[in-house]
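Please look through the structure below. The report that follows takes it one part at a time.

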Amino acid sequence: QVHLVESGGGLVQAGGSLRLSCAASGFTFSNVYMAWFRQAPGREREFVAAIRWSGDITYYVDSVKGRFTISRDNAKNTVYLQMNSLNAEDTAVYYCAAARFGSVWTATQARYPGNYAYWGQGTQVTVSS
């Protein structure tokens, strides 16, 4: 059974940092792209970042480039999202997602939620201004 469990969310002041973690089990973690999406109240789910199975290729939405860093540890079946210089627009529920094997090869494919087979329950990030 597949499990994706996010942690690390919370309340932080603008300009602060948080590190999200997502522990995966039940599938071959090292074979698939992993990604973070987020959803703010009243808005559609938005792609944030993705990382190739080997960790050597990453993609980001423009609004987080230079502030967020996605990484992974295949030995621990865990993907991370380091978030710095947070602002109020980053407030959302953040979801970890695991891609369908072979479904993600390009930046465009990495941004499409339909290419992800498994999702975590989400972790709330609230940035106070």
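## The disulfide

Cys22 and Cys96 are both buried. This is a predicted model, and the two cysteines form a disulfide in it, with their sulfur atoms 2.1 Å apart. The link joins distant parts of the chain: Cys22 sits in strand β3, Cys96 sits in strand β9 (residues 92–99), and 74 residues separate them. The count for the model comes to one disulfide.

Which hand does the disulfide of Cys22 and Cys96 have? The torsion about its S-S bond is about -75 degrees, so the disulfide is left-handed.

## The whole chain

Step back to the full fold. The protein chain has one helix and 11 strands. Read along the sequence, the pattern is β-β-β-β-β-β-β-β-β-α-β-β. The helix therefore comes after nine β symbols and before the final two in that pattern.

How does the radius of gyration of the protein chain fit a compact globule? With 129 residues, such a globule would have a radius near 14 Å. The protein chain has 13 Å, which agrees. Along its principal axes, the C-alpha trace spans about 40 × 30 × 25 Å.

Of the 129 residues, 43% count as buried. The chain exposes about 6300 Å², and carbon and sulfur atoms supply 48% of that area. Now take the contacts with a separation of 6 or more. Residues 24 or more positions apart account for 58% of them.

## Strand β7 and its hairpin

Follow the side chains along β7. They alternate. Phe68, Ile70 and Arg72 point to one face and are buried. Thr69, Ser71 and Asp73 point to the other face and are not buried.

β7 pairs with strand β8 (residues 78–83) in the antiparallel sense, over six bridges. One of the partnerships is between Ile70 and Leu81 in β8. The two strands form a hairpin, with four residues between them. In the turn, Asn77 has a positive phi of about 50 degrees.

## Strand β11 and its partners

Strand β11 (residues 123–128) also has alternating side chains. Thr123, Val125 and Val127 point to one face and are buried. Gln124, Thr126 and Ser128 point to the other face and are not buried.

Which way do β2 and β11 run? They run parallel, joined by four bridges. Leu11 stands opposite Thr126 in β11. β11 also pairs with β9, in the antiparallel sense and over three bridges. There, Tyr94 has Thr123 in β11 as its bridge partner.

## Arg67 and Asp90

Two charged residues come next. Arg67 is in the loop between β6 (58–60) and β7 (68–73). Is Arg67 buried or exposed? Its relative accessibility is 14%, and buried means under 20%. Arg67 therefore counts as buried.

Asp90 lies in the loop between β8 and β9. With a relative accessible area of 1%, Asp90 is buried. The side chains of Arg67 and Asp90 make a polar contact at 2.8 Å. The side chain of Asp90 also makes a polar contact with the side chain of Arg38, at 2.9 Å.

Look at the neighbours, leaving out residues up to four places away in sequence. Arg67 touches Gln82, Met83, Asn84, Ser85, Leu86, Asn87 and Asp90. Asp90 touches Arg38, Arg67, Phe68, Ser85, Val125 and Val127. Ser85 is in contact with Arg67, and Ser85 is in contact with Asp90 too. Val125 and Val127, which Asp90 touches, belong to the buried face of β11.

## Gly15

Gly15 is found in the loop between β2 (10–13) and β3 (18–25). Is Gly15 buried or exposed? Its relative accessibility is 55%, and exposed means over 50%. Gly15 therefore counts as exposed.

Leaving out residues up to four places away in sequence, Gly15 touches Ser85 and Leu86. Arg67 touches these two residues as well. The C-alpha atoms of Gly15 and Ala117 are separated by 33 Å. Along the chain, Gly15 and Ala117 are 102 residues apart.

How values were computed. Residues numbered from 1 in each chain as written. Predicted model: local features only at pLDDT ≥ 70, side-chain atom pairs only at ≥ 80, totals over all residues. Heavy atoms only, no water. Buried < 20%, exposed > 50% of the residue type's maximum accessible area, 1.4 Å probe, protein only. Contact = heavy atoms within 4.5 Å. Disulfide = S-S within 2.5 Å. Polar contact = N/O pair within 3.5 Å; in protein donor to acceptor, adjacent residues only side chain to side chain. Rg over C-alpha atoms; globule rule 2.2 N^0.38 Å. Areas by Shrake-Rupley, 256 points an atom, 1.4 Å probe, with all protein chains shown as cover. Pairing = 2+ DSSP bridges.
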